[in-house]
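Me: I'm new to reading structures, and I'd like a close look at one part: the hollows. Could you go through them slowly, and then link them to the rest of the chain?

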Amino acid sequence: MTPRRAALLLAALFPTALSATDKPLTVPYEQFVLPNGLNVIVHSDHTTPVVSVNIRYDVGSARERPGRTGLAHLFEHILFEGSEHVPEGKFDEWLEAAGGTNNGATDSDHTFYWQDVPSNALELALFLESDRMGHLLAAMSPAKVDGQRDVVKNERRQSVENRPYGLAWETLDENLYPPGHPYHHPTIGSMEDLTAASYEDVVEFFRDYYGPGNATLSVAGDVEPAAARRLVEKWFGDVPPGRRPPPLAPPAARLETDKRLVLEDRVQLPRLYVCWLSPPRFAPGDAELDLAADLLAGGRSSRLYRRLVYELESAQEVVAFQRSRRFTSTFCILATARQGHGLAELEAEISTQIDQLADDGPTERELTGAIHRYETEFLGRLERVGGFDGKADLLNLYYLETANPDYFNEDLSRYRAVGPADLRAAVRAHLRPAARVVLSVVPEGRRGLAVPAGEEASIAADG
């Protein structure tokens, strides 16, 4: 093969990221603020006759105080249980009758809801969303709160306490973040705190955080901005402004030790979790570590997957990810051992692979592949107006985190700009062996399978 044909083949197999001369990625929008403080973003996309109504409240579990955890997630449930003009059960029924779907989610930083409907049902979606913002308390009662409290408790039993490895993540957060830090406790809350919360506590939490001044609403899809504005003003204009919570100023989270923990659980195979504190969402280092996670365990050809699963056959799965959050993120690797293998050999190989990435960095080919995989995923989100991570949701997220709803190009450019030296520097700076939490989850009575030594602590799984 001639050098020219070889170069053409390589260019076809591994195309470079878009150059600076290409047209920037942009999502056009119109933005306005109602007199009551509600921020509104409208994006027109007439590809299909669908529209998404998305609302993000700037409240997550980080806003909860010690002793009253779980309230943000509890409200994710309560807001579906009816409001003054929407009888219990009718929220879903009316939307489904119109051909729509809806859902909600809570994390440490935000609570968000979306309704994806045919464009002729936009007014219904706005009415439903406005009624639970402005008229929820009129329909809320101690009995309704207790009912949803029991639902959340049961969810905790199923997803945390009685689920294999279910206590791992809250154990990690409790040891990564100091007491008093907003990320120290789990979003779902503790059984004790859910039980202790009074009806008055729940009402005050709603009054503090679920007003229009603490929310951003996006309407994206087959809609004209002027028509969307008229409907938003019609249904949200009379909602009282509510309270404006002060900004959070959490204490710094730092790790200066290799902290090792052992959790005995009702599991068959031991699993290792290795986690570090990492840069916040959109901060320098965030994109680099996102790509590092892909290189380490992003697929069957990734470094750790190839080494642990195929070559050494010591693990049956390995996963890595950068969990990006507002104040401090977490970079984690988890690996489940195969029968007959302990976690010390997994930890040793994980450390070896990270050291190699920190010393030598990725190859150009590796990094180009990781960037292209991210681009494909990112651009796929822009094909959807609704759901989680669709355009309506991202417009709100970008507004809350950067004050710029159209942060799409800047976000993607972070990844396109990463070079091998940048990724190597991020791994060196943030994935240090002396600043991490290593959690071994082992079958009951099999502590010998855990990673030994270090500042070891025993934890017993309950429930």
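Reply: What follows starts with the hollows and then moves along to other spots in the chain.

Before anything else, keep in mind that this is a predicted model. The average pLDDT is 92, and 93% of the residues score at least 70. The stretch to be careful with is residues 2–21, where the pLDDT is below 50. That stretch has 12 contacts in the model beyond its near neighbours in sequence. Where pLDDT is low, the predicted coordinates shouldn't be read in detail.

Now, the hollows. Rolling a probe the size of a water molecule over the atoms shows where empty space is left. How many cavities of 30 Å³ or more does the count come to? The count comes to two.

Let's take the second largest cavity slowly, with a volume of about 40 Å³. Its lining is made by Ile78, Glu81, Gly82, Leu136, Ala139, Met140, Lys144, Val145 and Gln148. Sorted by class, that gives five nonpolar, two polar and two charged residues. Which helix gives the most to this lining? Helix α5, residues 142–161, does, with three residues. An α-helix has 3.6 residues a turn, so residues three or four places apart point the same way. Keep that in mind when you find Lys144, Val145 and Gln148 in the lining.

Lys144 is a good one to click on. You'll find Lys144 in helix α5, and with 23% relative accessibility it counts as partly exposed. Leaving out residues up to four places away in sequence, Lys144 touches Glu81, Gly82, Glu88 and Ala139. Among those partners, Glu81, Gly82 and Ala139 also line the cavity. For a sense of scale, try Val437: Lys144 and Val437 are 293 residues apart in sequence and 40 Å apart in space, C-alpha to C-alpha.

Next comes the largest cavity, at about 50 Å³. Asp58, Val59, Ala62, Arg63, Ser108, Asp109, Leu248, Arg326 and Phe327 line this cavity. The mix here is four nonpolar, one polar and four charged residues.

Then there are pockets, which are open rather than closed off. The second largest pocket has a volume of about 270 Å³. Of the 18 residues lining this pocket, Pro66, Thr69, His181, His184 and His185 are the closest to its centre. The lining splits into five nonpolar, seven polar and six charged residues.

That's the hollows, so let's follow the chain to a few other spots. Right after α5, in the loop between α5 and α6, sits Tyr165. Its phi is positive, near 65 degrees, in a residue other than glycine. Is Tyr165 buried or exposed? Tyr165 has 12% relative accessibility, so it counts as buried. Asp389 makes a nice companion: it isn't a glycine, yet its phi is positive at about 75 degrees. Asp389 is in the loop between α13 and α14, and it's buried, with a relative accessible area of 18%. A positive phi turns up at Glu313 too, near 55 degrees, and Glu313 follows helix α11.

While you're there, have a look at α11, residues 303–311, where Arg303, Leu304, Tyr305, Leu308 and Val309 are buried. What do they pack against? The buried residues of α11 pack against α10, β9, β10, α12 and α13.

One of those partners, β10, brings us to the disulfide. A search of the whole structure finds one, and it joins Cys275 to Cys332 with the sulfurs 2.1 Å apart. Cys275 is in strand β8 and Cys332 in strand β10, so the pair ties together parts that are 57 residues apart in sequence. The angle about the S-S bond is 115 degrees, and the link is right-handed. Both cysteines are buried.

Last stop: Val438, in strand β11, residues 436–443. Val438 has 0% relative accessibility, so it counts as buried. Setting aside neighbours within four places in sequence, Val438 is in contact with Asp258, Lys259, Arg260, Leu261, Leu272, Tyr273, Val274 and Val451. One of these shows how folding can bring separate parts of the chain together: Val438 and Lys259 are 179 residues apart in sequence and 6.1 Å apart in space, C-alpha to C-alpha.

Conventions
Residues are numbered from 1 along each chain as its sequence is written. This is a predicted model: local features need pLDDT of at least 70, side-chain atom pairs count only at pLDDT 80 or more; totals for chains, interfaces and linings use all residues. Side-chain values use heavy atoms; hydrogens and water are left out. On a 1 Å grid over the protein atoms alone, a cavity is a set of points where a 1.4 Å probe fits but cannot get out, and a pocket is an open set with protein on both sides within 12 Å along at least five of seven lines; lining residues have an atom within 4 Å of a point. Grid points are joined across faces, edges and corners, and a volume is the space filled by probe spheres set on the points. Ala, Val, Leu, Ile, Met, Phe, Trp, Tyr, Cys and Pro count as nonpolar, Asp, Glu, Lys and Arg as charged, and the others, Gly among them, as polar. Helices (H or I, at least four residues) and strands (E, at least two) are DSSP runs, numbered from the N terminus. Buried means under 20% relative accessible area, exposed over 50%, partly exposed in between (1.4 Å probe, protein chains only). Contact means heavy atoms within 4.5 Å. pLDDT is the predictor's confidence in each residue, from 0 to 100. A disulfide is a pair of cysteine sulfur atoms within 2.5 Å.
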